[in-house]
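Hi everyone, thanks for making time. I'd like to walk you through a structure I've been looking at, so have the picture open while I talk.

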Amino acid sequence: MGMFVVEYSYTDESSAGRDDHRTDHRAWLTELVRRKVVRSSGPTADHAGATFIVQADDADAVRRLFAHDPFARAHLVEDVRVSEWTPARGDFGG
């Protein structure tokens, strides 16, 4: 099982839509955190995006999973970047 970083970018135009779907988005994330699939998540300081630390078999599994995010299903995410990550220190690494 690998670790991945998922980065969302948003547009200013999607702000109202994100407000409308935030409760569902957070419920979706809460379930993934409960299952220890999403290990950490949060918005960027400028709220122009978000970052997620995800544990999964491969990048394709991560992409399939994040296609179910209520924000993604409502077309509120401008861009999604999935990168495999090798943690070396701290809570996730040696």
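**Salt bridges, a hairpin and some unusual angles**

Let's begin with a pair of charged side chains: R34 and E31 form a salt bridge, and their closest N and O atoms are 2.7 Å apart. Before I go on, please keep in mind that this is a predicted model.

So where do those two sit? Both are in helix α1, which covers residues 15–34, and because they are 3 residues apart there, about one helical turn separates them. As for the surface, R34 has 57% relative accessibility, and the cut-off for exposed is over 50%, so R34 counts as exposed. E31 has a relative accessible area of 32%, so E31 is partly exposed.

How many salt bridges are there by this rule? The count comes to 4.

Another one is in helix α2, residues 59–66, where R63 and D60 are also placed 3 residues apart, so about one helical turn lies between them. Their side chains meet at 3.4 Å, going from N to O. Look at the surface here too: R63 is partly exposed with a relative accessible area of 42%, and D60 is partly exposed with 46%.

Now for a pair that reaches across the sequence. E7 forms a salt bridge with R81, with 3.3 Å between the closest N and O atoms. Which parts does this pair tie together? E7 lies in strand β1, residues 2–9, and R81 lies in strand β4, so the salt bridge links parts that are 74 residues apart in sequence. E7 has 30% relative accessibility, so E7 counts as partly exposed.

Okay, on to the strands. Find β2, residues 38–43, and β3, residues 49–56: they pair in the antiparallel sense, over 5 bridges. If you want one partnership to trace on the screen, take V38, whose bridge partner in β3 is V54. Together β2 and β3 make a hairpin with 5 residues between them. In that turn you'll find H47, with a positive phi of about 60 degrees.

Why point out a positive phi? Because most residues other than glycine have a negative one. So let me show you a couple more places to look.

K36 has a positive phi of about 60 degrees, and K36 is not a glycine. You'll find K36 in the loop between α1 and β2. Is K36 buried or exposed? At 58% relative accessibility, K36 counts as exposed.

Then there's H75, again a residue other than glycine, with a positive phi near 60 degrees. H75 is in the loop between α3 and β4. With 72% relative accessibility, H75 counts as exposed.

Stay in that loop for a second, as there's one more residue to meet. E78 is also found between α3, residues 70–73, and β4, residues 79–85. E78 has 55% relative accessibility, so E78 counts as exposed.

And which residues form the negative surface patch? They are D12, E13, E78 and D79. So if you turn the model to look at E78, you can pick out D12, E13 and D79 as the other members of that patch.

That's my tour. If you try one thing afterwards, trace E7 over to R81, since that salt bridge ties strand β1 to strand β4. Happy to take questions!

Definitions and conventions. Residues numbered from 1 in each chain as written. Predicted model: local features only at pLDDT ≥ 70, side-chain atom pairs only at ≥ 80, totals over all residues. Heavy atoms only, no water. Patch = residues over 30% accessible without salt bridge, like charges linked within 9 Å, V, L, I, M, F, W, Y side chains within 5 Å. Areas by Shrake-Rupley, 256 points an atom, 1.4 Å probe, with all protein chains shown as cover. Lys, Arg positive; Asp, Glu negative; His and termini not counted. Charge placed at Lys NZ, Arg CZ, Asp CG, Glu CD. Helix = DSSP H or I, 4+ residues; strand = E, 2+ residues; numbered from the N terminus. Buried < 20%, exposed > 50% of the residue type's maximum accessible area, 1.4 Å probe, protein only. Pairing = 2+ DSSP bridges.
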